[in-house]
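Reader: I'd like a close look at one strand and the partners it pairs with, and then at how the chains around it meet. Could you take me through that in one go?

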Number of protein chains: 12
Amino acid sequence: MSDHVYKYIELVGSATTTIEDAIANALARAHKTVHNMEWFQVTETRGHIVGGKVAHYQAVIKVGFRLDD
Amino acid sequence: MSDHVYKYIELVGSATTTIEDAIANALARAHKTVHNMEWFQVTETRGHIVGGKVAHYQAVIKVGFRLDD
Amino acid sequence: MSDHVYKYIELVGSATTTIEDAIANALARAHKTVHNMEWFQVTETRGHIVGGKVAHYQAVIKVGFRLDD
Amino acid sequence: MSDHVYKYIELVGSATTTIEDAIANALARAHKTVHNMEWFQVTETRGHIVGGKVAHYQAVIKVGFRLDD
Amino acid sequence: MSDHVYKYIELVGSATTTIEDAIANALARAHKTVHNMEWFQVTETRGHIVGGKVAHYQAVIKVGFRLDD
Amino acid sequence: MSDHVYKYIELVGSATTTIEDAIANALARAHKTVHNMEWFQVTETRGHIVGGKVAHYQAVIKVGFRLDD
Amino acid sequence: MSDHVYKYIELVGSATTTIEDAIANALARAHKTVHNMEWFQVTETRGHIVGGKVAHYQAVIKVGFRLDD
Amino acid sequence: MSDHVYKYIELVGSATTTIEDAIANALARAHKTVHNMEWFQVTETRGHIVGGKVAHYQAVIKVGFRLDD
Amino acid sequence: MSDHVYKYIELVGSATTTIEDAIANALARAHKTVHNMEWFQVTETRGHIVGGKVAHYQAVIKVGFRLDD
Amino acid sequence: MSDHVYKYIELVGSATTTIEDAIANALARAHKTVHNMEWFQVTETRGHIVGGKVAHYQAVIKVGFRLDD
Amino acid sequence: MSDHVYKYIELVGSATTTIEDAIANALARAHKTVHNMEWFQVTETRGHIVGGKVAHYQAVIKVGFRLDD
Amino acid sequence: MSDHVYKYIELVGSATTTIEDAIANALARAHKTVHNMEWFQVTETRGHIVGGKVAHYQAVIKVGFRLDD
């Protein structure tokens, strides 16, 4: 991480199963167009409720990726 | 969500297994008396420790539910 | 918790599997030298990314433990 | 405000016109069942977008009301 | 706290004497209608001034109480 | 919002008239190049002053838009 | 803004009509004694309620003004 | 509080006895030159330690006072 | 405080009487093993409730102490 | 700091060279009219950009000064 | 800044020498592809340590740039 | 950073010259007794003032170091 420059993007992923899967879904989508993603930080965990149960989780994540030199 | 009014309640659920189950337990209990719960936000994740291991997780969640018109 | 004094330490644990395992790994390591750990609070959830997938999760936790009288 | 006890509730109101109307709609609905509301604080301002325009504003407000003695 | 579900309410108590009394007054009033209050957190300390002196303190507290199973 | 991935952008719009117009101006400009904007959150409200009056309001907003699958 | 020094003051203005008017009223009053006010930031939006309606809005603003060299 | 404009000042008071006295000392000093102080908010509570005991408490408070019309 | 290095520890003290005593109890315990404690900051004030009354207060404090050169 | 009362002012200084110089410039200007300034805290670091380079840094600082007894 | 719309990007720059150079490196890289950058705000200052010394500083900055009309 | 556990300590370093030197002084002192320090985050920048000038800077930093397996 010494002499590179990184940029953050903030994403919202969702999944019906777990918070981890919501994170994975956001990363999988971003990976199609963003290269060199190196780390993420969860900034918010939330979700929707149907019939008193979690219908899906939503993870808001900030992702740091390395800009090409 | 256009012309409704929503109210927040804040709950603490717990589970010995996962953070997701702690959320589910809070929602299941609230569902007995609160109708039209639509979304939640995790405001704190914590837990108790026994013998160096997580005895149970606690999820503090804010839940938004629709008020009857 | 009535007449004891507690101290906080802040740890970072990691795991390739789940956020819960990252918490468990931090507690397991601390348990080798710290006695009477009673509760934890997650202050940050993050991780590293390799090839568009989560390589490992990192959980930053504050742990409260009871000081001997 | 000297010797009373107050309670907060947190509400989300919406309106297609202005932030002020979103606040008013939340208060009007709460007024049907809550007496003695005395002040509010806006904790979040947000809204939904359709076709690049604000479809409706949402005001999240905390409302303080006096409990009967 | 293992398998229960808790709910938060947020209250404002006041007292002319001390911050501790302001907390006590809020709890005393809530105790009339809320059972199983177990802990509180002070979220704000404030007050009114008359003639350059504190006329009364106000403590804003969040109170956690156990929901019946 | 179930199985989509969303991205946030943060914008600053301004208007001489109202805070609502400052939001609208930011959205109108973004709409030229960003599709599927679905919601916004106001993160800061500010403005410039000339002659003791508001010359223009500035609304800082985070906008969530759906990424194409 | 290059080589000047600025000072902040924090004000509370109110108005029965809109948030914008509450800001304007605070600025109009400050303008009587403070010169060179250049920008403001809204730090809190709140108000009082009478009969289930907003009696007046209150805008808490920080105002930056240039100190004479 | 309807049509007045208020200004905040932020003060640090101290006392060897209690937090309440630290607040009172700050207000007493400010009262010599500031009129119409109406409310305060505690923004920080701290103090100095000598020999393992509190030598004095420090209360940082924001004080709102009414500007003359 | 010019050329020294300080370290923070975070403690939780409790007392049945006052917030000030909860702070004092934390400091008294820490004083047994930590030298040169110089200042503290209260980061959280909370407590437990029994029968609608405060059973004991808890003060979470960060304490700065000077490291030996 | 035992029995004095302190007041905070918040300033914005700027400099083309370093953050430290931006702090120094704010203090130098305030020193012309404010006596007994004792400490500062940086609350924001920012700046303006021209041609992809920092044109000047801006340091927002809160300054504590002792009020005359 | 009157009738333009601005967008924020968040970057991480690093440098072995100073915090100012870490900011400059982030801006220099962004300047290759982003036009009309006008201001920045430092949101985090951090760095890596090797052998008890700072190996490099990292400045996380939000940069505001003007969107073409 | 994959399978290690890290601990945070929080330090205050000071220097008469620059913020960078204040960080360096804290690290140099900690390095005498703490091994494997890997990164730091600045949580507060402050200082003392004498005669309208910065007498010394103080950097509050959180330092992450790797615990032995």
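Author: Let's start with β2(E), which pairs with strand β2 (residues 37–50) of chain I in the antiparallel sense, over three bridges. Keep in mind that this is a predicted model. On the chain I side, the residue to look up is I:Gly47, the bridge partner of E:Phe40 in β2(I).

β2(E) also has a partner in chain H. Three bridges join β2(E) to strand β2 (residues 37–50) of that chain, and here too the strands run antiparallel. If you want one pair to put on screen, take E:Arg46, whose bridge partner in β2(H) is H:Gln41.

Then there is the pairing inside chain E. Strand β2 (residues 37–50) is joined to strand β3 (residues 53–66) of chain E by twelve bridges, with the two strands antiparallel. E:Phe40 turns up again: its bridge partner in β3(E) is E:Val63. So what links the two strands? β2(E) and β3(E) form a hairpin with two residues between them. In that turn sits E:Gly51, which has a positive phi of about 65 degrees. Put together, E:Phe40 has a bridge partner in its own chain, E:Val63, and another in chain I, I:Gly47. As a general point for reading such a strand, in a regular strand the side chains alternate between the two faces of the sheet.

Now hop over to chains A and B, where β2 strands pair as well. Strand β2 (residues 37–50) of chain A and β2(B) are antiparallel and share three bridges. The pair to look at is A:Arg46 with B:Gln41, its bridge partner in β2(B).

How much surface goes into that interface? About 1,100 Å² is buried between chain B and chain A, with carbon and sulfur atoms giving 63% of the area. On the chain B side, B:Glu20, B:Leu27 and B:Phe40 lose the most area to chain A, together 45% of what that side buries. In residue terms, the contact draws on 13 residues of chain B and 15 residues of chain A. You won't find a salt bridge across this interface, as the count is zero. There are, however, four residue pairs in polar contact, both residues being at pLDDT 80 or more. The elements of chain B that give two or more residues to this side are α1 (19–31) and β2 (37–50). By class, the chain B side breaks down into nine nonpolar, two polar and two charged residues.

What takes chain B onto chain A? A rotation of 120 degrees does it, with 0.0 Å of shift along the axis and an RMSD of 0.0 Å. B:Ile19 has the C-alpha nearest that axis in chain B, at 5.1 Å. The surfaces used are not a matched set, though: only 15% of the interface residues of chain B are also interface residues in chain A, so the copies meet through different surfaces.

Chain F and chain A make another interface, this time with β1 strands. Strand β1 (residues 6–15) of chain A is joined to β1(F) by three bridges, the strands running antiparallel. Within that pairing, A:Glu10 stands opposite F:Tyr8. A:Glu10 also takes part in a salt bridge, with F:Lys62, where the closest N and O atoms are 2.7 Å apart. The rule finds one salt bridge across this interface. Four residue pairs are in polar contact between chain F and chain A, again with both residues at pLDDT 80 or more. Strand β1 (residues 6–15) of chain F gives the most to the side that touches chain A, with three residues. That side of chain F has six nonpolar, two polar and five charged residues. Contact involves 13 residues of chain F and 13 residues of chain A, and the buried area is about 1,100 Å², of which carbon and sulfur atoms give 56%.

Chain F can be laid on chain A by a turn of 120 degrees and a shift of 0.0 Å along the axis, with an RMSD of 0.0 Å. The two copies are therefore related as by a three-fold rotation axis. In chain F, F:Ile9 comes closest to the rotation axis, its C-alpha lying 4.7 Å away.

Some pairs of chains don't meet. Chain B and chain I do not touch, with their nearest C-alpha atoms 15 Å apart. No contact joins chain D and chain L either, and there the closest C-alpha atoms lie 25 Å apart.

Notes: Residues are numbered from 1 along each chain as its sequence is written. Chains are lettered from A and ligands numbered from 1 in the order in which they are written. This is a predicted model: local features need pLDDT of at least 70, side-chain atom pairs count only at pLDDT 80 or more; totals for chains, interfaces and linings use all residues. Side-chain values use heavy atoms; hydrogens and water are left out. Contact means heavy atoms within 4.5 Å. Buried area is the accessible area (1.4 Å probe) that two parts lose on being put together, summed over both. A salt bridge is a side-chain nitrogen of Lys or Arg within 4 Å of a carboxyl oxygen of Asp or Glu. A polar contact is a pair of N or O atoms within 3.5 Å; within protein, one must be able to donate a hydrogen and the other to accept it, and residues adjacent in sequence count only if both atoms are side-chain atoms. Helices (H or I, at least four residues) and strands (E, at least two) are DSSP runs, numbered from the N terminus. Ala, Val, Leu, Ile, Met, Phe, Trp, Tyr, Cys and Pro count as nonpolar, Asp, Glu, Lys and Arg as charged, and the others, Gly among them, as polar. Two strands pair if DSSP finds at least two bridges between them. Copies are superposed by least squares on the C-alpha atoms of residues with pLDDT of at least 70 in both.
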